[in-house]
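Trainee: I should like to study this structure with your guidance. May we look at it together?

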Amino acid sequence: MSLEGKTKVYAFVGPSGTGKSYSAQLVANENNIHYIIDDGLLIHDNDVIAGSSAKKAPTKIETVKKAIFIEKEDRKNMREALRGVKPDAILILGTSDGMVEKITENLGLSKPEKTIYINEVATETEMETARRIRTTEGKHVIPVPTFESKR
């Protein structure tokens, strides 16, 4: 069963390290979206409900493969999770329009009906701060409480 056409898809796009994950809940709330796909994870409101974080992958190539659901098992598991929850709308985070398109294709979702770009919700200063924290401290935020991501 495909979710194409049944789930409204929104994209949130911006370069790595600019604060997309940090701003994702704000964007989701403003658009009445309760589900987010970010780096291989399916997040419902503030809870990770499926997937595994691409951030834990050992190499950059593995990170990308996990984030866009290249591996058959990851793709299958995420499709099953989506079928189980039947989201009305979902926000997909990506570093480019092409990345979001690949995720939607791999998961059997419609192309985004709306794309929000990071520079529409974050100032240049906020994006620079996010880049600096990522570079100097190696920190990456996912749109869930800290205790949830460590579980």
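Trainee: Why does Ser23 count as buried?

Mentor: This is a predicted model, in which local features need pLDDT of at least 70, side-chain atom pairs count only at pLDDT 80 or more, and totals for chains, interfaces and linings use all residues. Residues are numbered from 1 along each chain as its sequence is written, and side-chain values use heavy atoms, leaving out hydrogens and water. Buried means under 20% relative accessible area, exposed over 50% and partly exposed in between, with a 1.4 Å probe and protein chains only. Ser23 counts as buried because its relative accessibility is 10%.

Trainee: Which residues does Ser23 touch, not counting those up to four places away in sequence?

Mentor: Ser23 lies in helix H1; helices (H or I, at least four residues) and strands (E, at least two) are DSSP runs, numbered from the N terminus. Contact means heavy atoms within 4.5 Å. On that basis, Ser23 touches Phe12, Ile118 and Val121.

Trainee: Which element gives the largest share of the largest nonpolar core?

Mentor: A nonpolar core is a set of buried Ala, Val, Leu, Ile, Met, Phe, Trp, Tyr and Cys residues joined through side-chain atoms within 4.5 Å. The largest has 21 residues, and Ile92 is among those with the most contacts inside it. S1, S2, helix H3 (72-85), S5 and helix H4 (97-107) each give two or more residues to this core. The largest share, four residues, comes from H4.

Trainee: How many residues does the second, separate core have?

Mentor: This core includes Ile36, Ala89, Ala122 and Met127. Its total is 16 residues.
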